[in-house]
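Work through the exercises below with the sequence and the structure at hand. Try each task before reading its solution.

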Amino acid sequence: MIVCGGDALTHRLALDLIHLYRERVTLIIPSLEEGHGSQLAALATEDGSVSVIAGRGPDETTLLAAGIGDATALALTMDDDPAVTQAALLAQGLNPRLRLVMRIFNSALGQRLEHLLNRAPGHTAGSASVLSSSDTATPALVSSAVTGRNQVIPVNGGTFSVVEQPVGAEPGAGIELALLAPRTDTVVGSGDAPLHTLLPSVHQVAAADAAGTRAVLHLQHDVDEPDPPGSRFPRFPVGAIFSRRLRLAALGLGLLIAALSVATWLDTKDSLPLSLYLVLMDVSSMGNPALGQPLGRQLMQLLASFTGMLIMPLVLALVLENLGALRTVSTLNRPLRTATDHIVVVGLGKVGTRVMERLVDMRVPVVAVERNPDAPGLARARARRVPVVIGEISQHSVYRAARISRCQTLMALTSNDSVNLEAALYAREQRPDLRVVLRLFDDAFASTVYRALRASYPQAPTRSRSVSYLAAPAFAAAMMGRQVLAAIPVERQMLLVATVRVRDQATLAGLTVAEAFRPGGWRVVAIQDQDGHLTWNPHQDRMLGVDDRVVVVATREGLGLLLQRDEGPGSVEAPVPLPQQPGAGSPPAAPHPRFRRGAPPLPRLPRAQPAAPYPPINEEELHADSRRVERRRQQRREEEGQAEEESSR
């Protein structure tokens, strides 16, 4: 498998493919000096299971050197839609059977590109999938910020809801996802130090008590209600053409004209239609009414007068449009002085923009803060009429303008961990009880920040999320030909909702639902038969047929083990240690003998950034293309030095 990119998502994806799916991976890194280039280069191994091509983009020469002709899948994770599009078209021409996974922010472009690639001639065995890291992570980020709202996951014919309930409460038709440990000031759950028990067994749920378990996380299913019968006649899209303010203004003007008409009728004793006609003539500032003329003549006179009134606003709009006055930042909405209980989104990058749009769709009041007046997300905010404050969040004027003192949550979603932390610390200094959601990449750094904030502000909720951590499993599953529906964050741990075909998984075929359940690994929550009918929480004795598609909830390690391919040229056989689940002392559910035999232990995913410094990069161990690039750079530096010496002489 080939992965091309150099940012945090590429780093997470490479670690998943290497340690969870045990795949042979070739990394194409555009630059060693930018992003996570040095960390990615350090993943290269001597046995060739992980090879690196550094300093090159995904051109034809580089793709051929990476083995594109024999590759199973290619992931293009660059943060550049045109570059991803060009590389995808080139890669499909080199290998039509290739499985393409592309990261594209523009959803309209992504849909058209996916349709184009999947219907290309000769494209029979391969597939193309377009994903967006911001779209994948947005639901989890929003559920962490909005209090009193459950995370909702759309599925075929209904939705899944993630509900947190106290210990001992009746679960109803829900399925236990996790046992949440009590909050502490020193420990935060992560992939390296699991604090919560994910996918607990029946014995673990029965043994849970209020002393050792804060709450139980349940997954519930809600069936969509049928759409009401529509009208036979199409409705005129009034709301799409006329804004709410314009409709209210028109209503007020109509009521005022009606009141004046009634007053004229009472005063002059004329007929009511004639009184209305005279009032309209007075409103349009026209004299010489066509009294005694036919009704058609009077209507044409009114129409001509109101048409003339439109000329001056049209001329003014044309002048302002040519001067560019309608496209300046001054057209951005400002937060109301009475704004309260809203959510402040810091950073209108790709992630911040998606979160802002999701909050607007949920009818949650939101205020955006962006320091770059030319940020692309400002156009989206203007179109959604979202109030925006331009400036640094650490400036007191920006803090006051965004009304952070009266907001319910502050979301720091820039791509810089330091900027996010600075925004959270400044806001906490001004308001110690503020709820904060931080976007942080490194697990170790997130744990340190969490402990510090909990110790200094014990009463204020703090949540940290990593966009790459939430999005990487979806990209990895797409490279394996599967689909991840959603990611459910449990602090810095995570559960994944994915669809799997039983025919492709030897660990599921021929087993019942109870036998297929692996505590701490995966659990079948729904079955979709050949007719597309979805059965939620099937009976434990239900046999999984080879033609069934199942919806599973799995941990990252469990999904990696479930989707591993059979040992072949593309996989790597390597022993992995068994992860320790909290509460492992509880007696687990006895697995079926057919499942227990040959079932490998769940792998552990190492930290994306270890506590120790990364080892120095040895250029001689990198790919030959990287060495050629380095030699060219050295020759260029020598030539520049010689040119400077000659010019100094």
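**Exercise 1: a helix across a sheet**

Task: state which strands helix α18 lies across and how it runs relative to β5.

Solution. Helix α18 (residues 467-479) lies across β1, β4, β5 (99-103) and β6, and runs at about 160° to β5. Helices (H or I, at least four residues) and strands (E, at least two) are DSSP runs, numbered from the N terminus. Axes are lines fitted to C-alpha atoms, for helices over the stretch in contact, and angles run from 0 to 180 degrees between N-to-C directions.

A note on the source: this is a predicted model, in which local features need pLDDT of at least 70, side-chain atom pairs count only at pLDDT 80 or more, and totals for chains, interfaces and linings use all residues. Residues are numbered from 1 along each chain as its sequence is written, and side-chain values use heavy atoms, with hydrogens and water left out.

**Exercise 2: confidence**

Task: give the mean pLDDT of the protein and find where pLDDT is below 50.

Solution. Step 1: pLDDT is the predictor's confidence in each residue, from 0 to 100. The protein has a mean of 78, and 77% of its residues reach 70 or more. Step 2: residues 185-193 have a pLDDT below 50, and this stretch has 27 contacts in the model beyond near neighbours in sequence (contact means heavy atoms within 4.5 Å). Step 3: over residues 572-580 pLDDT also stays under 50, and the model has 20 contacts for them beyond four places in sequence.

**Exercise 3: the six-stranded sheet**

Task: write down the strand order of the open sheet of six strands and name the edge strands.

Solution. Step 1: the order is β3-β2-β1-β4-β5-β6, with parallel pairing (two strands pair if DSSP finds at least two bridges between them). Step 2: β3 (50-54) and β6 (127-131) are the edges; each has a single partner strand, so one side of each is left without a neighbour in the sheet. Step 3: neighbouring strands are turned by 15° against each other on average, direction ignored. Step 4: take one pair. β1 (residues 2-4) and β4 (residues 73-76) pair in the parallel sense over three bridges, and isoleucine 2 stands opposite leucine 74 in β4.

**Exercise 4: the five-stranded sheet**

Task: do the same for the open sheet of five strands.

Solution. Step 1: the order is β18-β19-β22-β20-β21, and the pairing is antiparallel. Step 2: β18 (483-490) and β21 (534-536) are the edge strands, each pairing on one side only. Step 3: from one strand to the next, the twist averages 25°. Step 4: β18 and β19 (residues 493-501) run antiparallel and are joined by seven bridges; valine 484 has alanine 498 in β19 as its bridge partner.

**Exercise 5: helix pairs**

Task: describe how α1 packs on α18, how α6 packs on α13 and how α4 packs on α5.

Solution. Two packed helices are described by the angle between their axes and the distance between the axes. Angles under 35 degrees count as roughly parallel, over 145 as roughly antiparallel, 65 to 115 as roughly perpendicular and the rest as oblique.

Step 1: α1 (residues 8-20) and α18 pack at about 55°, with axes 8 Å apart. Therefore α1 is oblique to α18. Residues of this contact include Leu9 and Leu13 of α1 and Tyr469 and Phe475 of α18. By class, the contact has eleven nonpolar, one polar and two charged residues (Ala, Val, Leu, Ile, Met, Phe, Trp, Tyr, Cys and Pro count as nonpolar, Asp, Glu, Lys and Arg as charged, and the others, Gly among them, as polar).

Step 2: the axes of α6 (residues 133-145) and α13 (residues 350-361) come within 9 Å and cross at roughly 55°, and α6 and α13 are therefore oblique to each other.

Step 3: the axes of α4 (residues 81-94) and α5 (residues 107-118) come within 11 Å and cross at roughly 5°, so α4 is roughly parallel to α5.
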